[in-house]
Amino acid sequence: MALNARLDHRNPLVFDTHELGRRPGALQRLTREIDAPRDLGIQGVIGVPEGAPVELELRLESVMEGVLVTGTARAQAEGECVRCLEPLELELEADFQEMFSYHDADERGRVKAEPDDDAEDDEDRLFLEDGLFDLEPVLRDAVVLALPMQPVCQDDCPGLCSQCGARLADDPDHHHDAADIRWAALQGLAGSLEDGEKDEMSGAEAGVDEKQEK
């Protein structure tokens with residue numbers, strides 16, 4: 001999070017830690033129901049629909065270097081079975097834990113004499129901004145990790161018929177009579193030979209008739 005970021009306390013995914021304070025060991029538990037933000041999940045595969053309810057249970061703990069946030073998000077995800085392409089729904093439960101650091105403390109919780117400009121060290125860290133933190137990036141990562149990359153409507157879903165596209169779960173006895181292409185070629189050759197023999201027989205019969213007429 002950029003150092004000059006300004007968070008909006010009206011955002012349902014922004015939380016205030018002022019009540020928690022900075023005394024190490026202080027705890028605060030929060031519950032909140034929010035509307036799912038846009039694109040919460042694995043895009044094009046499965047996710048929580050925008051605006052759907054998401055229940056959050058959070059545990060905020062004050063430590064030397066910042067606030068340790070531990071929580072669980074619960075929601076209903078929607079997607080499509082990768083085998084039969086039917087719509088599916090599943091109950092999502094995503095656990096997460098993240099440290100939101102104070103800008104004036106280093107990784108060991110010691111107060112910095114002067115702010116440093118080491119962008120590389122700060123790049124992977126999330127910071128508190130005026131006592132606020134934004135849970136959205138943490139929530140997104142947790143939801144993606146909790147969702148299946150290849151969702152199925154049921155573990156033993158047989159999928160679709162490779163020849164006609166029929167859903168095999170609806171017709172367990174569905175099948176097509178498969179012909180061996182090698183036999184098909186022989187059958188075609190046999191048919192050609194039979195046609196040739198018929199032509200020869202027809203020619204022979206025509207010759208006999210001509211002789212008889214003479």
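**Notebook: fold, core and salt bridges of a predicted model**

**Entry 1. Overall fold.** I counted the secondary structure elements and found three helices and nine strands in the chain. The model is a predicted one, and I kept this in mind throughout. Reading from the N terminus, I noted the order β-β-β-β-β-β-β-α-β-β-α-α.

**Entry 2. Confidence.** I looked up the pLDDT before any detail. The chain has a mean of 82, and 70% of its residues reach 70 or more. Strand β5 has the highest confidence, at 98, whereas helix α1 (residues 119–123) has the lowest, at a mean of 58. Where pLDDT is low, predicted coordinates should not be read in detail. I therefore do not interpret helix α1, given its mean of 58.

**Entry 3. Burial and surface.** I recorded that 31% of the 214 residues count as buried. The exposed area of the chain is about 14,500 Å², of which carbon and sulfur atoms supply 47%. I then turned to contacts between residues at least 6 apart in sequence; 63% of these join residues at least 24 apart.

**Entry 4. Nonpolar core.** I examined the largest nonpolar core, which has 38 residues. Val48, Val54, Leu56, Val69 and Leu135 touch the most other members. At least two residues of this core come from each of β3 (40–42), β4 (46–48), β5, β6, β7 and α2 (136–146).

I chose Val48 for a closer look. Which residues does Val48 contact, leaving aside its neighbours within four places in sequence? I found Ala36, Leu40, Val54, Ala75, Gln76, Ala77 and Leu92. Two of these contacts, Ala75 and Leu92, reappear in the next entry.

**Entry 5. Strand pairing.** I traced the pairing of β6 with β7, which is antiparallel and runs over 15 bridges. Within this pairing, Ala75 stands opposite Leu92 of β7. Six residues lie between the two strands of the hairpin, and Leu85 takes a positive phi near 70 degrees there. On following β7 further, I found that it pairs with strand β8 (residues 126–127) in the parallel sense, over two bridges. The bridge partner of Phe100 in β8 is Leu126.

**Entry 6. Salt bridges.** I listed seven salt bridges in the structure. One of them joins the side chains of Asp8 and Arg10, at 3.0 Å from N to O. Asp8 is partly exposed, at 33% relative accessibility, whereas Arg10 is exposed, at 68%.

I next examined Glu57 and Arg74, which form a salt bridge with their closest N and O atoms 3.3 Å apart. Glu57 lies in strand β5 (residues 53–63) and Arg74 in strand β6 (residues 66–80), so this pair ties together parts that are 17 residues apart in sequence. Arg74 also forms a salt bridge with Glu93, where the closest N and O atoms are 3.2 Å apart. This second pair links Arg74 in β6 to Glu93 in β7 (residues 87–101), parts of the chain 19 residues apart.

Are the residues of this group buried or exposed? I found Glu57 partly exposed, with a relative accessible area of 40%. Arg74 is likewise partly exposed, at 28%, and Glu93 is partly exposed at 47%. My conclusion for this entry is that Glu57, Arg74 and Glu93 are linked in a network of salt bridges.

Note on methods. Residues numbered from 1 in each chain as written. Predicted model: local features only at pLDDT ≥ 70, side-chain atom pairs only at ≥ 80, totals over all residues. Heavy atoms only, no water. Helix = DSSP H or I, 4+ residues; strand = E, 2+ residues; numbered from the N terminus. Buried < 20%, exposed > 50% of the residue type's maximum accessible area, 1.4 Å probe, protein only. Contact = heavy atoms within 4.5 Å. Areas by Shrake-Rupley, 256 points an atom, 1.4 Å probe, with all protein chains shown as cover. Salt bridge = Lys/Arg side-chain N within 4 Å of Asp/Glu carboxyl O. pLDDT = per-residue confidence, 0-100. Core = buried A, V, L, I, M, F, W, Y, C linked by side-chain atoms within 4.5 Å. Pairing = 2+ DSSP bridges.
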